[in-house]
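Work through the exercises below with the model open. Each task comes with a stepwise solution.

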Amino acid sequence: EHLVTMSQLPQGAIDLAFKSIPLNKPYFAVWRIEEMKVVAVPKPQWGNFYRGDAYIVYSCLEIKGRLEQHVHFWLGSGCSQDESTVAAFKTVELDDLCGGAPVQHREVEGNESLAFLAYFKKGIKYNEGGVKSGLSHVDRDSHEPKLYQVKGKRSPRCRQVPMEWSSFNSGDVFINDQGRLIFVWNGSQSSRRERLKAMEVARSLRDERSSAELLVLEEGEESTLEGEQKEAFESSGSLALSARQIAPASAAASDEEFERTTALSIRLFRCSDEGGTLRVMEISSGPLHHNMLDTKDVFIIDNANHGVWIWCGRLSSKNEKRAAMTNALSFVEKLGKHASRVQVTRVNEGCETTQFKQLFQTWPAPQYSGKVAGGNRIAKTVQTQFDASTMHQSPKLAAQTRMVDDGSGKVQIWRIENMELVPQDRVLYGQFYGGDSYVIQYTYSVKEAGGERYIVYFWQGRKSSQDERGASALHATALDDQLGGAAVQVRIVQGKEPQHFLALFKGRMIVFDGGKAGWSKDEKDQAVGDTYLLRIRGTNALNTKAEQVPTESGSLNSNDTFVLVSRQAIFIWCGKGTTGDEREVAKDIAKTISRRDYVLLCEGQETEVFWQLLGGRGPYQSDKRLQEANMAFEPRLFQCSNAKGYFTAEEISNFTQDDLVEEDVMLLDTGDEVYIWIGVDSNEAERQAALQAAVDYLKSDPTQSRDPDSAPIYRVKQGHEPPVFIGFFPSWDYQMWSGAKSYEQMKQEFQDSSRQLDRVDLASESLNGSGGGVSLSFGEYKKIPYQTLRQKCPDSVRPDEKELHLTEEEFHKVFGMSYPDFANLPEWKKTNAKKAVGLF
């Protein structure tokens, strides 16, 4: 038993800084504690954290049709106790504003949770300084030499380290920022993803200033530097090459014993409030069960150094809930743990995360009025009449269903072709191509609001080009401007369509392969073909989508319905795990495609013609569990590594195919089986230890519900995934890895673009007689004949500025407009114009 003095949190009004949060809607925001006040951090600065400060991060995401809210308070290593306390109190205020629904997290510098790091796709950067912590902020515009260490495969941390050789090691990537020159130094044992992320960080540093040259160095290449580059790298003697000494990768800062601890020592504690003292009693150790929790109390789960969880029962006192986080931290100190390193998370009864539930050997599946499927499947709810008017009469219901109406408003669709909007024929509404991007305007009436409302969706196909995606976003903004800024803009990536978007097409949305873009960049449409296979997912007109999959037997699975289209016949194939609702929406899709009659086939009753159209009978996803309508266990994906000399597994939330790291071993836990996925760039030691890695994972399972010696373990290699493995991902792109560029190709492009920029910057400085990087006006550029520029780019001309070297007369003749008119065009239109006249 442990006794802890309880914290009393102040009661008061919600901070004004939180008033702008749209409740029950997806939203993300970052605040910093400045002079004990909550101050919003501008979006361009998200991911930059000052070590002397405390921050609050709020995230509300729509995941699988439900909102998931998280509140994190982040504490820098130089943060004062007062700032830390204010951040904790304000986090409780924010939690109260959201009705207690968010999961609370305490984050500390250098030991952030994976969920926190995932918010910042370009990684996070630690900056020296703080607001009022006794430290002073660094001038971001200055070019004071700095050395950054980039560490982490999935979500890298970028922190400033001393400008000295003792900071270097062979296992990490370092950025030597000398202002005019930025060096990316790759340790010999650093990973591919660390190197790519470091180039992203370096590129961001370059973009913050008027001009800079980027140079990538592999370990040892620094000794070949000469002249100005050598002088810059050595940073006034701080990194003198004569004193060069690189530590091995194993010397990288880490606490092996801290991470080596397994989850076998999990313990459950009950908390009770007695006379202002928190009484903490151990209830159980070893496997935990849901029935050990009591709705009237607060519980603490000690999962060793893998984290501490607080669970607040629905009927526990308000004071206990509000003070749960700070009281748990006091308890952590009582246990003799490193409070600065242990991740502490608070959840409320009814809002438990998947990670929390997996700590228990048993956790009851939620009860719904209809059948519901877990994992990545569509909920199989009984179809009922949808009353759109209730959405406006009851905003809470609208927020709960994420539906502004039933999709019966006015729909207009354009496809991006040659970076312009091209209206789609109404008969094609609902048919999308994965190689294209689209803009959709939805108009609906709200009597209560007295007028029309607008939503502008821009849908981006998985294989659409980067230019087309950018054009779709620009056109969506332009359309919003035409509507007086009244539209809600929604970016949709293929495979992540929200329910309201699906409802626009009344159960007839179809996503085909190909399009005008795609990876092949052909100018002509990539036709669907005479024979193709569609996977149907949905239960009614509000949530159904069909997506083209490879026309082969391996694409089938017992959990879905499929429509096979051919010249001979149209087949509807129904897996054993499907419901009558799913079969009905499949019939609607078949009618949308063709007026011909279809043949309904149930699994096990296929004809020879059906198998011939699929290239012959073959194995497919027919696991017994896939035939069940209820799947209580949600699949979990882990990134595994032995980089520290022992096995570690870090979980990836809401995973997709993009989360499979080519240079690692990944572990997919489906409950009944464990799959070890081996990336093509994983090291030999990890490949050899793959099977043992799965056994180690099962041994560390806190539920102890599976026998490591007998549980099925599958070992699959990248590019050779079986259908049953693929079926646990929301979508699968078979071409994802085949067309990827190598690291060396990306490195060369990275440096070439920098050198081209630098050559022109130096020429500009020479022409202007100073080193200030003053830009030239159109008339000041050296004039060169059009035919010369078109045939070959002179050394003194920047390749992406050829048009600036034309005379005014020739410019108007070539482009059909004056240079000022050209300069006012969007960048993508400028690019297209230059391509058309051979100056790109």
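How many of the six residues of S28 are buried? Six of the six are buried, so S28 is largely enclosed by the rest of the structure. Buried means under 20% relative accessible area, exposed over 50%, and partly exposed in between, with a 1.4 Å probe and protein chains only. Strands (E, at least two residues) and helices (H or I, at least four) are DSSP runs, numbered from the N terminus.

The model is predicted: local features need pLDDT of at least 70, side-chain atom pairs count only at pLDDT 80 or more, and totals for chains, interfaces and linings use all residues. Residues are numbered from 1 along each chain as its sequence is written, and side-chain values use heavy atoms, with hydrogens and water left out.

**Exercise 1. Place S28 in its sheet.**

Step 1: sort the side chains. Tyr-532, Leu-534 and Ile-536 point one way from S28. Leu-533, Arg-535 and Arg-537 point the other way.

Step 2: find the partners. Two strands pair if DSSP finds at least two bridges between them. S28 (residues 532-537) pairs with S30 (residues 561-565) in the antiparallel sense, over five bridges. Leu-534 stands opposite Val-563 in S30. S28 and S29 are also antiparallel, over five bridges. There, Arg-535 stands opposite Glu-547 in S29.

Step 3: write out the sheet. It is open, has seven strands and runs S23-S27-S29-S28-S30-S31-S32, with mixed pairing. S23 (431-433) and S32 (598-602) are the edges; each has a single partner strand, so one side of each lacks a neighbour in the sheet. The twist averages 25° from one strand to the next.

Step 4: add the helix. H13 (residues 580-593) packs on the sheet, touching S27, S28, S29, S30, S31 and S32. Contact means heavy atoms within 4.5 Å. The direction of H13 makes about 20° with that of S30. Axes are lines fitted to C-alpha atoms, for helices over the stretch in contact, and angles run from 0 to 180 degrees between N-to-C directions.

**Exercise 2. Describe the open sheet that contains S4.**

Step 1: order the strands. Seven strands run S4-S8-S10-S9-S11-S12-S13, and the pairing is mixed.

Step 2: mark the edges. S4 and S13 (213-218) each have a single partner strand, so one side of each is left without a neighbour in the sheet. The twist averages 25° from one strand to the next.

Step 3: check one pair. S12 (residues 181-186) and S13 are parallel over six bridges. Leu-181 has Glu-213 as its bridge partner in S13.

Step 4: lay on the helices. H3 (residues 192-207) lies across S8, S9, S10, S11, S12 and S13, at about 15° to S11. H4 (residues 227-234) lies across S11, S12 and S13, at about 75° to S12.

**Exercise 3. Classify two aromatic pairs.**

Step 1: set the rule. Rings of Phe, Tyr and Trp (its six-membered ring) pair if their centres lie within 6.5 Å; planes under 30 degrees apart are stacked, over 60 edge-to-face, and the rest tilted. The count comes to 41 aromatic pairs.

Step 2: take Phe-49 and Trp-74. Their centres are 4.8 Å apart and their planes at 40°, so the pair is tilted. Phe-49 is in S4 and Trp-74 in S6, so the pair ties together parts 25 residues apart in sequence. Both are buried.

Step 3: take Tyr-457 and Phe-501. This pair is edge-to-face, with 5.0 Å centre to centre and 70° between the planes. Tyr-457 lies in S25 and Phe-501 in H12, 44 residues apart. Both are buried.

**Exercise 4. Find the largest nonpolar core.**

Step 1: define it. A nonpolar core is a set of buried Ala, Val, Leu, Ile, Met, Phe, Trp, Tyr and Cys residues joined through side-chain atoms within 4.5 Å.

Step 2: size it. The largest has 35 residues; Trp-31, Ile-56, Tyr-58, Leu-94, Ile-310 and Val-344 have the most contacts inside it.

Step 3: find the main contributor. H7 gives the most to this core, six residues.

**Exercise 5. Count the disulfides.**

Step 1: apply the cut-off. A disulfide is a pair of cysteine sulfur atoms within 2.5 Å. The structure holds zero.

Step 2: test Cys-574. Its closest cysteine sulfur, in Cys-602, is 5.4 Å away, too far for a bond. Cys-574 counts as buried, at 2% relative accessibility.
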